[in-house]
Structures are given as structure tokens and as C-alpha cells.
Amino acid sequence: MEQRTVTAAQMKEIERAADAAGLSYRQMMENAGCRAHESICRRSPGLGTAVVFAGKGNNGGDGFVVARLLAQDGVKVRVILCEGLPVTEDAAYNFERLADVEIWPLDELGEAQEAELLACDVVVDALYGTGFHGALRPNGLRAADMINRAAGHVCALDLPSGINADTGEAAQGAVKAEWTVTFHARKQGQLAPQAAAHCGEIEVVDIGIHGVLGSGR
């Protein structure tokens with residue numbers, strides 16, 4: 001896998017070109033979730049419990065794919081809706097495909113539920129992706145705080161929530177992941193020293209784009 005970097009805008013254009021070439025956004029989301037699932041299973045063999053903190057955009061959709069696949073493995077999975085139901089078409093599609101997964105709205109979590117989540121074997125950060133900039137909103141801060149206090153392994157999808165994809169600037173309270181599964185190519189901001197402490201080990205995975213656009217994109 002090539003180690004070049006892309007900005008958020010470049011990644012958006014690459015995805016648009018891949019969609020036009022026949023690799024749908026929905027298939028890219030499925031591929032992203034599948035690669036992240038494989039990474040989690042490889043790094044945490046035999047896990048029994050997992051929690052996915054999901055945003056309302058496509059990063060949350062990637063998390064829904066991971067949740068579905070882990071549940072199919074027999075893992076007890078909980079999805080935390082941090083900012084309500086998904087608002088993008090592909091994320092909503094994957095939310096509807098969830099089975100054998102407990103769905104908990106963040107705003108309704110009690111102390112006992114929170115304690116249960118903090119004890120899960122694996123915590124997946126699927127809150128914000130490359131579109132994040134500025135400061136974490138209140139629910140994002142609460143979710144990031146729970147992720148950072150969790151006892152289990154923390155895997156971020158594409159970028160830890162609270163990290164600017166282009167500058168690497170870390171918002172107050174940003175997620176600190178054990179490792180980050182980054183889709184297609186490293187994001188430019190991941191090279192910044194401030195981002196390094198939050199991303200942990202960066203694992204770049206192919207989501208099918210090279211197959212339709214070639215290795216130069």
C-alpha cells in the first residue's frame with residue numbers, strides 16, 4: 001500500500017471518481033468496515049464485547065458495518081448513537097442492517113450502562129471522520145471522554161474524532177486511539193506531531209479504490 005498522503009478535499013474527489021468508475025459509495029463503506037473488522041479481529045483475537053461510538057454521518061456508517069460483522073462473529077456489540085440517527089443514505093442503510101446489536105442513545109446512558117461500556121474489550125471510534133474541524137460539540141466531548149477512559153483497546157476509523165484531517169490539529173478532548181484504521185491513504189494531518197499522540201499506530205487499508213482507479217490515485 002502506497003504511503004502518500006491526501007487532504008480531505010482530495011479524498012472526497014478520489015471517492016467521487018471511484019463512484020463514477022463503478023465503485024459505489026455504499027460499497028466503499030462496506031469495504032472500509034470489512035477492513036476495519038479484520039484489523040480488530042487480528043489485533044484482539046477472542047474478544048467477547050465491543051462498543052461502537054457512532055456519529056450521524058458516513059464515519060458512523062463505517063462503524064455500523066463493523067458492528068454488524070462483529071455481531072455475526074458472536075461478539076456482544078453495543079452501538080452508541082452519539083448525535084442521533086444517521087442522516088446520510090448509506091449510513092442509514094447500514095444502520096437498518098444491524099441485528100443482534102444493542103442500540104443505546106448517548107443521551108440516555110445511565111451510570112450502570114456507562115460502566116459496562118467502559119469495560120468492553122474493544123472500543124471503536126466512528127464518531128467523526130475527515131469532515132471534522134473546529135471544536136467537539138458537547139455530545140462529541142462526552143463520547144470522546146468515555147472512549148479515552150475505556151479499559152479496552154481503542155480503534156479509530158479513518159481518524160480519531162477531534163483531529164483535523166488536513167492540519168492534524170487536535171480539538172480539546174480529542175480521542176486518543178491505540179491504532180487508527182485509515183482508508184485508502186494517510187490523511188495529511190496524520191503527519192503532524194500533535195496528531196501522532198492521538199492516532200497511535202496507523203494502518204492504511206485498501207477499500208477498493210486502487211482497483212478501479214489504479215495505484216496512482
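Reader: Quick one. Is Phe95 buried or exposed?
Author: Phe95 is buried, at 15% relative accessibility. Buried means under 20% relative accessible area, exposed means over 50%, and partly exposed is in between (1.4 Å probe, protein chains only).

Reader: What kind of model is this?
Author: A predicted model: local features need pLDDT of at least 70, side-chain atom pairs count only at pLDDT 80 or more, and totals for chains, interfaces and linings use all residues. Residues are numbered from 1 along each chain as its sequence is written, and side-chain values use heavy atoms, leaving out hydrogens and water.

Reader: Back to rings. How many aromatic pairs are there?
Author: Rings of Phe, Tyr and Trp (its six-membered ring) pair if their centres lie within 6.5 Å; planes under 30 degrees apart are stacked, over 60 edge-to-face, and the rest tilted. By this rule there are two aromatic pairs. Phe64 and Phe95 make a tilted one, with 5.3 Å centre to centre and 55 degrees between the planes.

Reader: Where do Phe64 and Phe95 sit?
Author: Phe64 is in helix α3 and Phe95 in helix α4 (residues 89-96), so many as 31 residues apart, and the pair links distant parts of the chain. Helices (H or I, at least four residues) and strands (E, at least two) are DSSP runs, numbered from the N terminus.

Reader: And how accessible is Phe64?
Author: Phe64 is buried, with a relative accessible area of 0%.

Reader: Which ring has Arg26 over its face?
Author: Tyr93, with Arg26 at 3.9 Å from the ring centre. The rule: NZ of Lys or CZ of Arg within 6 Å of the ring centre and within 35 degrees of the ring normal.

Reader: New topic. How many salt bridges are there?
Author: The whole structure has 16. A salt bridge here is a side-chain nitrogen of Lys or Arg within 4 Å of a carboxyl oxygen of Asp or Glu.

Reader: What holds for Lys187 and Asp158?
Author: Their side chains form a salt bridge, at 2.9 Å from N to O. This pair links distant parts of the chain: Lys187 is in strand β8 (residues 186-187), Asp158 is in the loop between β6 and β7, and they are 29 residues apart. Lys187 counts as buried at 0% relative accessibility. Asp158 is buried too, at 9%.

Reader: Which residues form a salt-bridge network?
Author: Arg42, Arg43, Glu201 and Glu203 are joined into one network by salt bridges that share partners.

Reader: What about Lys76 and Glu116?
Author: Another salt bridge, 3.8 Å from N to O. It links distant parts of the chain, with Lys76 in strand β3 (residues 76-81) and Glu116 in helix α5 (residues 111-118), 40 residues apart. Lys76 is partly exposed at 40% relative accessibility. Glu116 is partly exposed at 34%.

Reader: How far apart along the helix are Glu13 and Arg16?
Author: They are three residues apart in α1 (residues 8-20), so about one helical turn separates them. Their side chains meet in a salt bridge of 2.7 Å, N to O. Glu13 is partly exposed at 36% relative accessibility, and Arg16 is partly exposed at 41%.

Reader: Stay on α1. What span does it reach?
Author: From first C-alpha to last, α1 reaches 19 Å with 13 residues, close to the expected 18 Å. That expected value is 1.5 Å times one less than the number of residues.

Reader: Which α1 residues are buried?
Author: Ala8, Met11, Ile14, Ala17 and Ala18. The elements covering the buried residues of α1 include β1 (5-6), α2 (25-43), β7, β8 and α8 (209-213).

Reader: Now the largest nonpolar core. Which members touch the most others?
Author: Ile40, Val79, Leu157 and Ile209, out of 37 residues. At least two residues of this core come from each of α1, α2, β2 (49-54), α3 (58-72), β3, β5 (122-126), β6 and β7. The largest share, five residues, is from α3. A second, separate core has 25 residues, including Cys82, Trp104, Leu117 and Ile147.

Reader: What counts as a core?
Author: A set of buried Ala, Val, Leu, Ile, Met, Phe, Trp, Tyr and Cys residues joined through side-chain atoms within 4.5 Å.

Reader: Last one. Where is Ser161?
Author: In the loop between β6 (153-157) and β7 (179-183). Ser161 is buried, at 0% relative accessibility. Leaving out residues up to four places away in sequence, Ser161 touches Asp125, Leu127, Tyr128, Leu136, Ala174 and Val175; contact means heavy atoms within 4.5 Å.
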